[in-house]
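Colleague: Could you take me through one part of this model closely, please? I would like the cut-offs along with the description.

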Amino acid sequence: MLDLLLVEGHGTATTLSQQMPVTRQAVAKHLGVLDRVGLVRATPAGREKRYRVDDAQLARAVAQLSSVGAAWDARLQRIKRIAEAIQRTRQD
């Protein structure tokens, strides 16, 4: 959904649901969650709301996820080194 909003620049629950295999109601609920966490901003557009991605908030979320991903990568590398050391010890 974020990809669609980024490509189109904006969208409503109706226009987005036409491009997705889910109902308009499901899209509206998802947009509501994205709005509450600040990833999108809603503005009135007649009887609907028009949503746009908040670029700054998305950039902050991406940075946070990258940081978490890097931390997990480091942990997994340590686990791998420990497992390899144990395996070498057992082979000796």
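Modeller: Happily; here is a close look at helix H4, followed by its setting.

This is a predicted model, in which local features need pLDDT of at least 70 and side-chain atom pairs count only at pLDDT 80 or more, while totals for chains, interfaces and linings use all residues. Residues are numbered from 1 along each chain as its sequence is written, and side-chain values use heavy atoms, with hydrogens and water left out.

Helix H4 covers residues 55-91 and has the lowest mean pLDDT among the elements, 94, whereas helix H3 (residues 24-36) has the highest, 97. Here pLDDT is the predictor's confidence in each residue, from 0 to 100. Helices (H or I, at least four residues) and strands (E, at least two) are DSSP runs numbered from the N terminus. Across the protein the average pLDDT is 95, and 100% of the residues score at least 70.

Leu-76 belongs to helix H4. Together with Val-68, Trp-72 and Ile-79, Leu-76 makes a nonpolar surface patch of about 410 Å². Patch residues have over 30% relative accessible area and no salt bridge; like charges are joined within 9 Å, and nonpolar side chains (Val, Leu, Ile, Met, Phe, Trp, Tyr) within 5 Å. The areas come from the Shrake-Rupley method with a 1.4 Å probe, and for residues only the protein chains shown count as cover. A salt bridge is a side-chain nitrogen of Lys or Arg within 4 Å of a carboxyl oxygen of Asp or Glu.

Trp-72 also has Arg-75 over its face, at 4.9 Å from the ring centre (the rule: NZ of Lys or CZ of Arg within 6 Å of the centre and within 35 degrees of the ring normal).

As for the setting, the protein has 4 helices and 2 strands, in the order α-α-α-β-β-α along the sequence.
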